Amino acid sequence: MSVSLVTTTEAAFLLNISTGRLRELLNQDRVIGAYKLKRLWMIPLNHRGMPEIKPGRRGPQGTWNKNRRTANTFIHVLRDTIDYNRDNQTSHPAVAVKVGGKKDYCHALKIHGPCQIIYRPHDPNKSQAGGARLWIEVEPQHIVERVYFSDGDYGPPPEVVQQRARFKNKKSKVKKKKPKKKGSQRKN
C-alpha cells in the first residue's frame, strides 16, 4: 500500500487553514507522520485523504477540516473595499474566499485548476452579504491559494466591519420587555 504525500500548500488547502498555521503545527510536531525532505515538509494523508493532526493539550479545539471538502469555493471581489482603498489610501483585502461556512479575505489568489466566472444579475448568490451578482466558483478538489501583501492591511475589510457594527447596533436596540408578575399587585 502506498502512502500519498502532499506539501504544506496542499495540506493547508485540504485542512482549510493557512500555510502559516500549518507550519506552526508542524513545528509543534502535531502533524502525524510529517517529515522534512531537504527544505520541504512531506505530509502523509490518511485513508480519507486528509492530513492528521494531534489534538493540542490546552486551549480551544482546532477548526481545521477533518474530512474531504464537498462544497465549492466561492470567490467574490469586494467592490466597496476597492473604492474605500482608493479613497483612503489603504490596502485592505478586497477578495473574499468562502468555503462552506468559513469566509476568509485576501489580496490575491492562485487557483490551481479549472474555475468558472458566473454572472447572475437577477439571481444573486445569497451566500455573500448583500447577494453577489458576479463571482468565481472553484470545485472542491482544486487548490485556491491565498496571497497577502506584506505591507497590506489585514483583518476584515471596512465594509464587513461596518456591517457587523450595524448588526450589533440593531441587536442592542431591541430591548427585552419584562413581563408583569401575577399577584404582585396589593389589594386594599
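The following questions and answers introduce a predicted model of a protein chain.

Visitor: How many helices and strands does the secondary structure of the protein chain come to?

Guide: Along the sequence, the elements follow the pattern β-α-α-β-β-β-α-β-β-β-β-β-β-α. The pattern thus begins with a strand and ends with a helix. The totals for the chain are 4 helices and 10 strands.

Visitor: What share of the residues in the protein chain is buried?

Guide: The accessible surface of the chain comes to about 14,000 Å², and carbon and sulfur atoms hold 51% of that surface. A residue counts as buried when its relative accessible area is under 20%. Among the 188 residues of the chain, the buried share is 32%.

Visitor: Among contacts between residues at least 6 apart in sequence, what share joins residues at least 24 apart?

Guide: Contact here means heavy atoms within 4.5 Å. Of the contacts between residues at least 6 apart, those that join residues at least 24 apart make up 57%.

Visitor: Which element gives the most residues to the largest nonpolar core?

Guide: In soluble globular proteins, nonpolar side chains tend to be buried together. The largest nonpolar core in this model has 19 residues, and Leu-15, Leu-22, Leu-26, Val-31 and Ile-43 touch the most other members. Two or more residues come from each of α1 (8–15), α2 (19–27) and β3 (40–44). The greatest contribution, 5 residues, is that of α1.

Visitor: How many residues are in the other core that lies apart from the largest one?

Guide: Val-95, Val-99, Cys-106 and Val-138 are among the members of this other core. Its full membership is 7 residues.

Visitor: Which proline does Ile-43 touch, not counting residues up to four places away in sequence?

Guide: Ile-43 is one of the residues that touch the most other members of the largest core. Its contacts beyond four places in sequence include Leu-5, Ala-11, Leu-22, Leu-26, Val-31 and Ala-34. The proline in that list is Pro-51.

Visitor: In the open sheet of 3 strands, which are the edge strands?

Guide: The strands of this open sheet stand in the order β1-β3-β2, with antiparallel pairing. β1 and β3 pair over 2 bridges, and Leu-5 stands opposite Pro-44 in β3. An edge strand pairs on one side only, and the edge strands here are β1 (5–6) and β2.

Visitor: Which residues make the nonpolar surface patch of about 270 Å²?

Guide: One member of the patch, Leu-37, lies in strand β2, which covers residues 35–37. The patch is made by Leu-5, Tyr-35 and Leu-37.

Visitor: Is strand β5 mostly covered or mostly uncovered?

Guide: Val-95, Val-97 and Val-99 point one way from β5, while Ala-96 and Lys-98 point the other way, and all are buried. With 5 of its 5 residues buried, β5 (residues 95–99) is mostly covered.

Visitor: In the hairpin of β5 and β6, which residue in the turn has a positive phi?

Guide: β5 pairs in the antiparallel sense with β4 (residues 73–77) over 5 bridges, and His-76 stands opposite Ala-96 in β5. β5 also pairs in the antiparallel sense with β6 (residues 102–106), over 5 bridges, and Val-95 stands opposite Cys-106 in β6. The hairpin of β5 and β6 has 2 residues between the strands, and the turn residue with a positive phi, of about 60°, is Gly-100.

Visitor: Does His-142 count as buried or exposed?

Guide: His-142 is found in the loop between β9 (134–138) and β10 (143–147). Not counting residues up to four places away in sequence, His-142 touches Phe-13, His-112, Gly-113 and Pro-114. Because its relative accessibility is 16%, His-142 counts as buried.

Visitor: What separates Glu-24 and Arg-21 in helix α2?

Guide: The side chains of Glu-24 and Arg-21 meet in a salt bridge of 2.7 Å, N to O. Glu-24 is partly exposed at 42% relative accessible area, and Arg-21 is partly exposed at 28%. Because the two residues are 3 residues apart in the helix, what separates them is about one helical turn.

Visitor: Which residues are linked in a network of salt bridges?

Guide: The structure holds 4 salt bridges. In one of them, Arg-86 meets Asp-83, with the closest N and O atoms 3.4 Å apart, and both residues lie in helix α3 (residues 79–88). The network links Asp-83, Arg-86 and Asp-87.

Key
Residues are numbered from 1 along each chain as its sequence is written. This is a predicted model: local features need pLDDT of at least 70, side-chain atom pairs count only at pLDDT 80 or more; totals for chains, interfaces and linings use all residues. Side-chain values use heavy atoms; hydrogens and water are left out. Patches are made of residues with over 30% relative accessible area and no salt bridge: like charges are joined within 9 Å, nonpolar side chains (Val, Leu, Ile, Met, Phe, Trp, Tyr) within 5 Å. Accessible areas come from the Shrake-Rupley method with a 1.4 Å probe; for residues, only the protein chains shown count as cover. A nonpolar core is a set of buried Ala, Val, Leu, Ile, Met, Phe, Trp, Tyr and Cys residues joined through side-chain atoms within 4.5 Å. Buried means under 20% relative accessible area, exposed over 50%, partly exposed in between (1.4 Å probe, protein chains only). Two strands pair if DSSP finds at least two bridges between them.
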